Amino acid sequence: MREGRIHSGFGGQSDFVVGALPSPGGRAIIALSSWHAKTGSSTIVGHFTEPVTSLQHTAVVTEVGRADLFGLCQRDQTE
């Protein structure tokens, strides 16, 4: 959202989470690259002060590890 206008929708993300979580053993996981090889810098930066999605994911996974999110409040997910 920029200047109060939405520029993109959810895509399939909400369908994925809604389908995964109630399934037996289901988990909603987001996989992200955390390193930009050409610039030699992290792609994960402390820019946002609150979550940018309202969906409850189980975990965020990068090539260097996993952050378990399920059951945490939004503030703790952000941190």
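How many bridges join S4 to S5, and do they run parallel or antiparallel? In this predicted model, S4 and S5 are joined by 4 bridges and run antiparallel. The legends below start from the whole chain and then turn to the sheet and two of its threonines.

**View 1. The whole chain holds 2 helices and 5 strands.** Along the sequence these elements follow the pattern α-β-β-β-β-β-α. The chain has 79 residues, and 14% of them count as buried. About 6,300 Å² of the chain is exposed, with 57% of that area supplied by carbon and sulfur atoms. Among contacts with a separation of 6 or more, 47% are made by residues 24 or more positions apart.

**View 2. Three strands form an open sheet in the order S1-S4-S5.** The pairing in this sheet is mixed. Strand S1 (29-31) and strand S5 (65-68) stand at the edges, and each has a single partner strand, so one side of each is left without a neighbour in the sheet. On average, neighbouring strands of the sheet are turned by 20° against each other, direction ignored. Strands of a sheet pair through backbone hydrogen bonds, in either a parallel or an antiparallel manner.

**View 3. S1 and S4 make the parallel pair.** These two strands are joined by 3 bridges. One residue pair to look for is Ile30 with Val60, its bridge partner in S4.

**View 4. S4 and S5 make the antiparallel pair, with 4 bridges.** The connection from S4 to S5 is a hairpin through 2 residues. Several opposed residues can be followed along this pair. Ala59 stands opposite Asp68 in S5, Val61 is opposite Arg66, and Thr62 faces Gly65 across the pair.

**View 5. Thr62 is a buried residue of strand S4.** Is Thr62 buried or exposed? Its relative accessibility is 15%, and Thr62 therefore counts as buried, the limit being under 20%. Beyond its neighbours within four places in sequence, Thr62 is in contact with Leu32, Ser34 and Ile44. Within the sheet, Thr62 also stands opposite Gly65 in S5.

**View 6. Thr58 lies in the loop between strand S3 (41-42) and strand S4 (59-62).** Which residues are in contact with Thr58, leaving aside its neighbours within four places in sequence? They are Leu21, Arg27, Ala28, Ala67, Asp68, Leu69 and Phe70. Of the residues named here, Asp68 is also the one that Ala59 stands opposite in S5. Thr58 has a relative accessible area of 14% and is buried.

Definitions and conventions. Residues numbered from 1 in each chain as written. Predicted model: local features only at pLDDT ≥ 70, side-chain atom pairs only at ≥ 80, totals over all residues. Heavy atoms only, no water. Buried < 20%, exposed > 50% of the residue type's maximum accessible area, 1.4 Å probe, protein only. Contact = heavy atoms within 4.5 Å. Pairing = 2+ DSSP bridges. Axes fitted to C-alpha atoms, helices over the stretch in contact; angles between N-to-C directions. Areas by Shrake-Rupley, 256 points an atom, 1.4 Å probe, with all protein chains shown as cover.
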